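Here is a short briefing on one protein chain. Keep the sequence and the structure in view as you read.

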Amino acid sequence: MTYSADLGQGQSLTIENVGVQTVITWAHRSAGQQQSQQMSLSLGAWSEPPKLFKNHVGFILQIESARTSYLRLQANGISLLSEVPLMIGTEEIPFQRVTSNPSRMPDMKPLEPLRMGNMSMRMEPMEMNMGNMNLRMATATSHSSSTSHAQFCSQCGTKIKESDRFCSQCGTKLES
Ligand SMILES: [Zn+2]
């Protein structure tokens, strides 16, 4: 059994009865961040749906099992009350039964073939990319070798720079 309640101001409470354990998850959502505190208490199997009350200091959770347990939810955390709290001035917040249990197992299963599918899909463009890279590299190599051909003096054969106007060896005027 799982119940959840909207506490307002970006807060939500989810409580779940797993065997004799009562798992309380209090989630706070603020400025895009989600914080949650979880508490698990051995209160026994619920005999009836839990109840939630709001008062001026926080929230009181009432859990009925073999005995009645009260939990206080305040800014500083969740605490189990040793005595029955004052219910005067409290307002009951409705719990909603969560029927479709968001279990993680069915979500995990379709992920595996999907991931494998992505990998096999990715392999083909990777090969394509590698083919393109080889092609591009070959083009670059041929291009650079064609442009960087050395120049030599027409008279003495000394290697000359493109910026040179005269041969450094024989002084022949170079035509650029
Ligand atoms: Zn020369």
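Asp6 counts as partly exposed, because 13 C-beta neighbours lie inside 10 Å. Asp6 is found in strand β1. Its C-alpha atom is separated by 9.9 Å from that of Ala27, 21 residues apart along the chain. The model is predicted.

**Overall layout**

- The chain has one helix and 12 strands.
- Along the sequence, the pattern reads β-β-β-β-β-β-β-β-β-β-α-β-β.
- The chain holds 176 residues, and 9% of them count as buried.
- Take the contacts in the chain with a separation of 6 or more: residues 24 or more positions apart account for 31% of them.

**Confidence**

- The average pLDDT of the chain is 77.
- A score of at least 70 is reached by 71% of the residues.
- Over residues 104-147, pLDDT stays under 50.
- For residues 104-147, the model has zero contacts beyond four places in sequence.

**The sheet with β1**

- Which strands make up this open sheet? Five strands take part, in the order β4-β3-β2-β1-β10.
- The pairing in this sheet is antiparallel.
- The edge strands are β4 (33-42) and β10 (96-97). Each of these pairs on one side only.
- Strand β2 covers residues 11-18, and strand β3 covers residues 21-30.
- β2 and β3 pair in the antiparallel sense over eight bridges.
- Leu13 stands opposite Trp26 in β3.

**The sheet with β6**

- A second order to trace is β8-β7-β6-β5-β9, an open sheet of five strands. The pairing here is antiparallel.
- Why do β8 (77-81) and β9 (91-93) each have one side without a neighbour in the sheet? Both stand at the edges and have a single partner strand, so one side of each is left free of a neighbour in the sheet.
- On average, neighbouring strands of this sheet are turned by 30 degrees against each other, direction ignored.
- Strand β6 (residues 59-64) runs antiparallel to strand β7 (residues 68-74). Six bridges join β6 and β7.
- Which residue in β7 is the bridge partner of Ile60? The partner is Arg72.
- β7 also pairs with β8 in the antiparallel sense, over five bridges.
- Tyr70 stands opposite Leu81 in β8.
- A hairpin through two residues joins β7 to β8.
- Strands of a sheet pair through backbone hydrogen bonds, either parallel or antiparallel.

**The nonpolar core**

- The largest nonpolar core has 13 residues.
- Which of its residues touch the most other members? They are Leu13, Leu52, Phe59, Leu61 and Leu73.
- β2, β3, β6 and β7 are the elements that give two or more residues to this core.
- β6 gives the most, with four residues.
- Leu13 touches Ser4, Ala5, Leu7, Trp26 and Leu52, not counting residues up to four places away in sequence.
- In soluble globular proteins, nonpolar side chains tend to be buried together.

**Val23 in β3**

- Val23 sits in strand β3.
- Is Val23 buried, exposed or partly exposed? Val23 is partly exposed, because 14 other C-beta atoms lie within 10 Å.
- From C-alpha to C-alpha, Val23 and Gln38 are 7.0 Å apart in space. In sequence, Val23 and Gln38 are 15 residues apart.
- Gln38 is one of the contacts of Val23, leaving aside neighbours within four places in sequence. The others are Ile15, Glu16, Val18 and Ser40.

**Gln9 in a loop**

- Where is Gln9? Its place is in the loop between β1 (2-8) and β2.
- Gln9 has a positive phi of about 55 degrees. Yet Gln9 is not a glycine.
- Why does Gln9 count as exposed? The reason is its count of 8 C-beta neighbours inside 10 Å, since a residue is exposed if 12 or fewer other C-beta atoms lie within 10 Å of its own.

Note on methods. Residues are numbered from 1 along each chain as its sequence is written. This is a predicted model: local features need pLDDT of at least 70, side-chain atom pairs count only at pLDDT 80 or more; totals for chains, interfaces and linings use all residues. Two strands pair if DSSP finds at least two bridges between them. Axes are lines fitted to C-alpha atoms, for helices over the stretch in contact, and angles run from 0 to 180 degrees between N-to-C directions. A residue is buried if 20 or more other C-beta atoms lie within 10 Å of its own, exposed if 12 or fewer, and partly exposed in between; C-beta atoms are placed from the backbone. A nonpolar core is a set of buried Ala, Val, Leu, Ile, Met, Phe, Trp, Tyr and Cys residues joined through C-beta atoms within 7 Å. Two residues are in contact if their C-beta atoms, placed from the backbone, lie within 7 Å. pLDDT is the predictor's confidence in each residue, from 0 to 100.
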